[in-house]
Amino acid sequence: MIKQKVFKVVFLGALFGQVLLSAQEPAPEINVEKSAEVFLEQYSDDFQESFFEALKQKGIENYDRSINLLLTCKKLDPKNIVVDHELAKAYTLNKQYHLARDYGVTALIAQPESFWYLNTLVEALKKQGSSFEDLEMSLLTDNIKLQ
């Protein structure tokens, strides 16, 4: 009888002891510098919001709004080549092929090894009714990677 009581006390003590020990562990401190919320707040800016809104507008076929937002992005970061590429695509979809060609050439000169930039430029040229050979020969002769 005493053995059963001792056994029950030890068993219940071990069972509840683990629960109490795990419940009293201190909560880990949150490192504010590496927190995801702080990280997202740091990189949420006007350029990012405008760029993704422009992509959304282009996706729902509101090309004028998309172009305006991309031009805003271009003013915020004039050296960003991706904006030129997206402007070329948006102008092509909006049937403004001469502007699409200009932005396509700018993007292609900046990164001649990019297949997608070349593809966008060729697509704009085809819809305009001209060919890649109609572009200035200086585009091809000055850039070895593009050749």
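A residue counts as buried when its relative accessible area is under 20% and as exposed when that area is over 50%, with partly exposed in between. That scale helps in reading the salt bridges of this predicted model, which holds six of them. Take the pair formed by glutamate 53 and lysine 56, whose closest N and O atoms sit 3.4 Å apart. Both residues belong to helix α3 (residues 46–59), three residues apart, or about one turn of the helix. Glutamate 53 has a relative accessibility of 24%, so this residue lands in the partly exposed class. Lysine 56, at 47%, is partly exposed as well.

Helix α5 (residues 81–93) carries a pair with the spacing of three residues, about one turn, between glutamate 86 and lysine 89. Here the side chains meet at 3.5 Å, N to O. The two partners fall into separate classes of burial: glutamate 86 is buried at 9%, whereas lysine 89 is partly exposed at 28%.

In helix α7 (residues 115–128), glutamate 123 and lysine 127 are four residues apart, again about one turn of the helix. Their salt bridge has an N to O distance of 3.8 Å. Glutamate 123 is partly exposed, with 35% relative accessibility, and lysine 127 is partly exposed too, at 44%. Back at the α5 pair, shared partners link the salt bridges of Lys58, Glu86 and Lys89 into one network.

Another lysine worth a look is lysine 74, found in helix α4 (residues 63–76). Its relative accessibility is 18%, and because the cut-off for buried is under 20%, lysine 74 counts as buried. Leaving aside residues up to four places away in sequence, lysine 74 touches Asn80, Val83 and Asp84.

Helix α7 also lends itself to a quick check of geometry. At 1.5 Å a residue, its 14 residues should span 20 Å, and the C-alpha atoms at its ends are indeed 20 Å apart, so expectation and model agree. Which residues of α7 are buried? They are Tyr117, Thr120, Leu121, Ala124 and Leu125. Seen down the helix axis, these buried residues of α7 fall within an arc of 130 degrees, and therefore line one face of the helix. Phe115, Trp116 and Lys126 are exposed on the other side of α7. The cover over the buried residues of α7 includes α5 and α6 (97–110). After α7 comes glycine 129, with a positive phi near 95 degrees.

Next, the nonpolar interior. In soluble globular proteins, nonpolar side chains tend to be buried together. The largest nonpolar core in this model has 13 residues, and the members that touch the most others are Phe51, Ile67, Leu70, Cys73, Val83, Leu87 and Tyr91. Helices α3, α4 and α5 are the elements that give two or more residues to this core. Isoleucine 67, one of those well-connected members, touches Leu87, Ala90, Tyr91, Asn94 and Gln96, not counting residues up to four places away in sequence. Apart from this core lies another, of seven residues, among them Val105, Leu108, Leu121 and Leu125. Leu121 and Leu125 are also among the buried residues of α7.

Key: Residues numbered from 1 in each chain as written. Predicted model: local features only at pLDDT ≥ 70, side-chain atom pairs only at ≥ 80, totals over all residues. Heavy atoms only, no water. Salt bridge = Lys/Arg side-chain N within 4 Å of Asp/Glu carboxyl O. Buried < 20%, exposed > 50% of the residue type's maximum accessible area, 1.4 Å probe, protein only. Contact = heavy atoms within 4.5 Å. Expected span 1.5 Å × (residues − 1). Arc of directions from axis to C-beta. Core = buried A, V, L, I, M, F, W, Y, C linked by side-chain atoms within 4.5 Å.
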